[in-house]
Structure formats: structure tokens, C-alpha cells
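Let's take a walk through this one together, going from charged side chains to strands and back again. Have the structure open and follow along.

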Amino acid sequence: MIFDSTGAFTIPDDVDLSFGGTGKPVSMEWTTADANANCLIVDLPAGGLVDVPVFGIASADSDFGYFNGVVEPTFFVENLAASSYVALDFSATTLAELKTGGSATQLSITSPILINTGSSSITDYTPSRVIGYDAGASMTIAVTDTTGAVAITHTGSGKAVTWTTTGGFDFVGAMAADAVTVSDVLTFSDSGTIDNTDATTLTLTEGTVAIVGEATVSLDVGIKGGDIKNTTAGGGIDFNPTMATAGTGTNVVQITTTQPTHTSGTPTDIWLDFNPTFGVNTVSATANLIDMTFTTPNWATGGATSAWRGIYLAPTIGNASAGTNSVNLIEVAAITGDASVGLSAVTIGALTGTGATENAVVIGAGWDAGISNASPYSSTSTLSAEDVASTDDGDINDTLTVGDLVIDEAVGTLAFTAATSATISTATAGVGLVIDSLDAAAGSNMTYASITGSVPVHASGTPTNIFLDITPTLGIGTVTSTTNLIDLTFSSPAWATGGATSVLRGMYLAPTIGNASAGTNSVALIDVAAITGDDSVNIYGIRAGAMTGGAGVEDFISIGAGWDHGIDSASPIQGTSFVVDDGDADVTVDSDNQTNAAAAINIPDFGDATADFLVTNTFTTALPFAGGLRGEDTDGAGTNGGGLVGGVPDITTHTYTNATDDVFVLVYDSGTTTWDALATSALLTAGADWAANYQLLPDADAEGAGDAFAIGFATPFCEVVFDDLATAAGAVATWGGDGGKWQYSTGAGTWSDLTVFDNTDSTAFDGLRSLQRSGAITFVPPADWVTAAYDGVTKYWIQYVITAAQLTQTPLIDGTNYDEPFVAVPNADTFSAPFKLEIAKVRVTNMGLTVHDQNIVFIVGNFTDGVFSAAQTWTASQLNDKFTLASAIAADPGDLIGICITNDTGSTVNPIWMTEFEVTYED
């Protein structure tokens, strides 16, 4: 360091002047290491959060937080207020910046000319930063090089360059552009021309080109994929050319094209596309989509032929080597109609004035069909044609007025050709088809309706050809009196006189039976198909009414000679009179039910006085059934009633008592989970309504749905007897309506309904209101009845369960004896049916020394099917009696039939039964 006489000091070249104390982070020196450029260097720190490489001019006490974290050298100048700065730095290693910061938002360059030398660019990566000029100033881009060009290039991949100005751009001289995009309006200030002079085609790729106002196109214009339209409301496009030289043709509108070559598929090219859509309520009177109004000129004179065509089509049909092709010169597409719109594809108005031939439609020669129509013809004029052909369903429909549809052919045939079948029908409800021909010449034969056909030769199988098919189905309620499907009503004419023979046939069949070399064949001249009958409908295959008057021979069916059987019947023949005229020969009756042909019945001639034979019309027989001892008890101790005839009830082992548990009775209160013994129920004793251990149901006077009692025994039983409900402390049940049912156990906790004959149910005997009186409940032991355990006891159980709260008094058994109910078990005293039969009547006889002194009620039942008769009452002191069952009881061979006593009134006598069934044998 050198100090001179003025007090200044000098630091030699290439010597550091350091600042910053420890570590000396900043130094300054005049370096001469580069001989070409000596330099004053300020060596700044590498940068970071504290020591940042910044050199600036600013107030000493400023906070330079702007530059926290700067790592590139930065030179700045700060304003006196220490709020803004302008800086020169590097934002990246190769990108220098001149920028403002703090409160300063603008950088002003006041030099009048800003010159960029060399190849330079002005770029900005932030859309909010722009290069702008003050109002009144202008920018001129000038190029003085006459051989070069000015290139404005945007190489980015984002938005295209957008030029926006209010006054518009003024391009002086020609402007060449590969493509120009006009976002809104392209305007010419004066007459303008779009001229593509270097090519043969000017292409407008916009979907619509609109011409506003009136425009003249003097040259050919090609528009690809767009519309020509007038956007002015109410304005159309007029084609109004200047007429050509007199006598030459003029095309008002000419549309020409060259048919493209289709190698496959169906061409869909459209030469003229015309598809206007009317707005709402626009068709108020008459609207014409194509309006062509013309007046023909004067016709040529001197007999010359002139023709005027409104629409003229002159097609040439090219060759079609393959595929299914079609040409429709005029075609109307498929239409969805409207009920309020009358629709006519082609309408031809009325013609007034005549003088020459007038045809609405003229069809020349060579067509396969003049009109090929899938819908009916409707016309007020005459349709004249040699053929009226239809490729689909065709109708001839006269719907205009009441009149005749006449097919007028001198001698001809209404023929249905090239069809599998044909139908002549009427489509009006209640109208049939009437065939009515004119009378023939006097004395000649006449055919009203002739149906002819030749039976084809069938090599095998059965022919099913139908020449006349009548299959009407009558609707519900249509047969109110007499309905005739075929009605043939006639009056015979006066018969020939002088002994001549005349024959009148209502229906005449004249078949010829062809040879049948093999197979099983049949011919039925009149055949009635199998029928499913109805109980309310009498059905007759053939029925003849009563014959009145007559003096000649009258046979409803007259059968000639040669038939194997006159009548071959699988059903019986019945009637008020059946006469076999055997011609003094015996008549043999042979039943196919007989396996032994010798068992056939040979009935001698009725004129044979020595004949000894018996003919009877009854098939009933009496089957005795030795019932043995009576079925009811006679101890007089309130145990009467119940049991099978012939079996004495075992009141020792088959009765409920307190001491011996042979028959078990349990009770159940709905909502609990356990059953309890009737006599010892602790649960029920604690109940508010439990009166005593002889109460069958838990609630004395208001049983709820689900309450029940159950009866169990060691073996399956068929009857339960309550014979003294009303004695001692007992009481019968009283009901307000149906409210219970009987069930049997199908396993622990599961039950199935049981069909019973319940003599204690005086309402309907069906058990829905059981125990209204003493008596028995009889049933067939079900096949799926199984044992189950309740209250620790495993037995065969049935239960009576309450289904509705209808009890007003619960049933009570005898509170003193507890000797009911008792059960009856099926035994050998039932009857096994020897054959298929129906029981119609029952006879009972008292075979004992004494007669029963009380009424005995019993039923007859098929214990195999579970079908029982109504209750029968054998009156007291009656030795024998006969009972006719209201409905016969059917039985198959082996079914068990028996008589159950369901009630008595305290008989003390011990009768012995003898039973006889009157049965009808059934084959």
C-alpha cells in the first residue's frame, strides 16, 4: 500500500483489498493477468441465504431482502426510498436479465431508437408481460436490404400469433400467404376479388358459404361439402339466366356429375339434396315445397306431334354384374303417418274438359307389373287390367258404399295359384260369407258351391289334407239359446207322382276308397274328435229330434249290408226303447271285459217261449259285516261314546287319568317355550286365568291365538273321545266364530293340519269350533305322523291350537274323575274292500239279547282315503235300521272301511252289531 503527499493511498496491481473481517468473503483488485483487458474485479461470495453475490448502489441501512438466495452475480441500483431497484443479473448460467423489482413495475428505455444488431430475438415467456407503446406513438419495422425478407416466426407449440388492432391492418402491395385464417369477417373496402390465378380450383372448406344480399357468380363455382343459402329473412335463391339464342335450349338449373365407380355396396350419392323443415304452425293453408307453374305454348299446327313434359327423366341403366340392385325413378321414403293428417303419396286433381284420351297414369309395354302394391286400392273410377298382381298380401276392398263387388267372368275360375293355401273371409264383425248363385235353366242341375281337389299320392303316412276347414270359436256368453255352426234348412219339393222313386239327401257323401297296400289306414266318413266333457253340458255325438207323423218306414240310422258292425261302441247304449230285430236268430252279447270268450251271454230270440234266462239292470249287492261287540262303553260312569264298531274301548290303558299316564294331555300358553302336564302345571297354576288342572286351555275366558292343548299316545290312534264335558265341574266351549284347528306332529316343534270328522263341533263337524258338546273326533292316522318329545314325554301327538280369539268359554273336563279324553286305535274290526265299489246304504242290526236304550251317533268312513259320511243317528231301542248316505263313499280294493261311534247319550246296554253295506260294483 502506498500513500502519496496528498494523503491518498495506492494499492498495487494484482493485490487484493479484502472486506468482511473473518474469512474475508469480499475482495477487490486491479488485475492485469489478461494483457488485452485489465479489469477491476469485485470478488463476491458464492451465494446462499446470507452471503449473496450482489454489488449495488443504495442507502447504507437498506434491507436487501430482494436478493435472498441469489447465486449469480447481480448489479443493482436502489432508489432513495429503498423501495425499488433496477438490476442486471443472470437468471440462469446462459440467460442475462435487465429487470426491475420492489415497487417498480416498469422499465423505461428513453432512447428514441432501439437497435438490435446481428441476429437477435425479443422473447417473453410470461403472457402478462408485453411490449407496448404509448398512445399516439407508432412502431415501424423497416428493412433496407432489398434482397432479403422480413421473417416473423413463432416456433412455440402454444397459441398462434394473434394480431389485434382497432383500425385494421393496411397491407400495401401484394401479400402472399400459404394459408390465411379469418376468425370473423373478411371485408373489402371497395370492389373485391378473391382470385386464385396460379391454380384451377378455389376451395372454400367452411361448412357454409353465405351470400348476404344479391350476388352474381359469372363463372363456375365448385363447393365441396357445404350449402349455398341466403341468410336474409324471407329471401330465397333465384336462378334467372339470360335466355339463349332463339330456338336453342336453355338450362335454368343444370346439375351434372360423373357417376363414380362402385366396386361393391350400394351407391348413396345425392345429386340434388332438398330437405326443408317447416316450423311450428307454418302450414296454415297450402304450402308447396317444389312449385312449378307453367302454361304450355301454342301447339304445332298441321298435324305435327308435340309433347310437353312437366318433369322429364331420361335414365340409362348401366350393367349390374352382381348383387341386388334397384333403380327407382321416383321414390317416396317410408313415412310415419298421423291420425289427423290425410296422406297421399301421389294426388292427381280432377280433370275438366275433354277432347282427347285422358289417362291419369300411362304405363308402357315391357314392365313386369304395371303397379306393384302392398296396400289396398282405393278408387272412385273403374280399374281395368288384365292382371292385378301383388307380391305380398293383396286385398280387393270395397269400403265406399253399400253395394256389390262383382267378379265378372263369362265362364271362368276364381283361382289361387302358386300358394300353399288361401282364405276367403269377411272382416266385418257379425257378417258371414254368403254364396248365392243365380238359378240354372229349368230342369238342369245346379251347383251352388263346388269344392274340388285331387288327393295326392302319399307314399307313406296319413294324409291330413283338409278340403273344407270350419273352426269357429264361440266367445264367452254367445251360446244363449241355440247356435248352429252349419245350418242346412230346406223344404222338399213336391214328390214325383205315379209311383216314381225320388230321393232327397240333406248331406250326400260319395267316397271312393283307394287301394291300401300296407299300413294301418282308416276312412271315417263322419268323425267326431275326442272331447273333454263338462258336468254342466249334455253332449251328443249325433242327435235326432222327435219324429211326428208319417206312415212309411222311419229309421233314424239305416245301415246297409256288408258292415262288420252296425254300431261299434265302447260306451253303454241306453234309451227308453232298444229293439234288436234279429230276424228270428239268437243275439249274442259279448263283453270285451270278459277274459273268457265262453262267458259271453247268449240271449235267445224273444219269440222263444221255452227260453230260460235272466236279464237285470242292477249291479248292487249286499256285503255283510259282523261287527261283534258294540263300540261304546256301558259303565254308566260318564265314559260312553267312541270307538270302532266291533272293538271295545280299553278305558284302562286308553284313558287320561291323574294317576296313570296312558293318554297324556299337555297345555301350552302362547308366548312361552314349554308344554306342561294338564294336572301338574306349575307355570299355568301361576297364571292369572288358570282355574284348575282340568282346564284344557290356559285362559279361562279369553283365549289368544297360539294357545293350545295336545293329546299323546304310545301308538297311532284314529279317534279321540270327550264324553262328559258337561258333567261335574266340566264345561263345554262356547264360540263367537271359527277360531281353532286340529294338527298332528311331524317332528319336534313342527305340525301339519289334520282333517277330522268332529262330532263335538255342532256347527260344521270340521273342528273349527271344537268341544261344543260331548262326542268323538275321528281321523285317518297320517302316513307322516311321527313321535316327538314334549315336557319330557315322547308320544304320537295331536294338538288343538287357537287361531283366532273367538272363545268366550274355554272347555273343561270332569274336575272329579279326570277320565277323559280316551282314544280308539284301529284294529282288525275294520272292513277291507274286496273290489272297487261305492257304499250307498248301510243296514245295522242289534244282535244282542237287549237293545240299546239311548241314541247312538256313528259315521261310515274310508280310513285309507280319509273320507267320512255325515253323522247317522241310530235311535234308542231300535232293533235294526237302514241309512242312506247323502254321498256315496268310494273305495278301491284293499281300502279299510269301518264304522266309528262318535257319540251316545249314556247307553248302559251292551248291543252286538251286525252291519251290512249295500255297494255298487264298479268296473
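Start with a little cluster of charges: Asp89, Glu97 and Lys99 are joined in a network of salt bridges. Keep in mind as you look that this is a predicted model, so every distance here comes from predicted coordinates. Within that network, Glu97 and Lys99 make a salt bridge in which the closest N and O atoms sit 3.5 Å apart. How exposed are these two? Glu97 counts as partly exposed because its relative accessibility is 26%, between the 20% and 50% cut-offs. Lys99 falls in that class too, being partly exposed with a relative accessible area of 30%.

Now look at the strands around there. Strand E9 covers residues 95-102 and is one of the edge strands of a sheet. Which strands make up that sheet, and in what order? It is an open sheet of 4 strands, running E6-E7-E8-E9, with mixed pairing. The other edge is strand E6 (54-57), and each of these edge strands pairs on one side only. On average, neighbouring strands in the sheet are turned by 20° against each other, ignoring direction.

Over at the E6 edge, the partner is strand E7 (residues 74-78), and the two pair in the parallel sense over 4 bridges. If you want a spot to zoom in on, try Val54, whose bridge partner in E7 is Thr74.

Next, jump a long way along the numbering to another pair of charges. Arg769 and Asp738 form a salt bridge, with 2.7 Å between the closest N and O atoms. What does this pair tie together? Arg769 lies in the loop between strand E22 (757-758) and strand E23 (775-778), while Asp738 lies in the loop between strand E19 (734-735) and strand E20 (740-747), so the contact links parts that are 31 residues apart in sequence. Both partners count as partly exposed: Arg769 has 22% relative accessibility, and Asp738 has 43%.

Strand E20 has a charged contact as well. Lys741 and Asp753 meet through their side chains in a salt bridge, at 3.2 Å from N to O. Lys741 lies in strand E20 and Asp753 in strand E21 (residues 750-753), so this pair ties together parts that are 12 residues apart in sequence. Lys741 is partly exposed, with a relative accessible area of 29%.

And how many salt bridges does the model have? The count comes to 5, and the pairs you have just visited include Glu97 with Lys99, Arg769 with Asp738 and Lys741 with Asp753.

Note on methods:
Residues numbered from 1 in each chain as written. Predicted model: local features only at pLDDT ≥ 70, side-chain atom pairs only at ≥ 80, totals over all residues. Heavy atoms only, no water. Salt bridge = Lys/Arg side-chain N within 4 Å of Asp/Glu carboxyl O. Buried < 20%, exposed > 50% of the residue type's maximum accessible area, 1.4 Å probe, protein only. Pairing = 2+ DSSP bridges. Axes fitted to C-alpha atoms, helices over the stretch in contact; angles between N-to-C directions.
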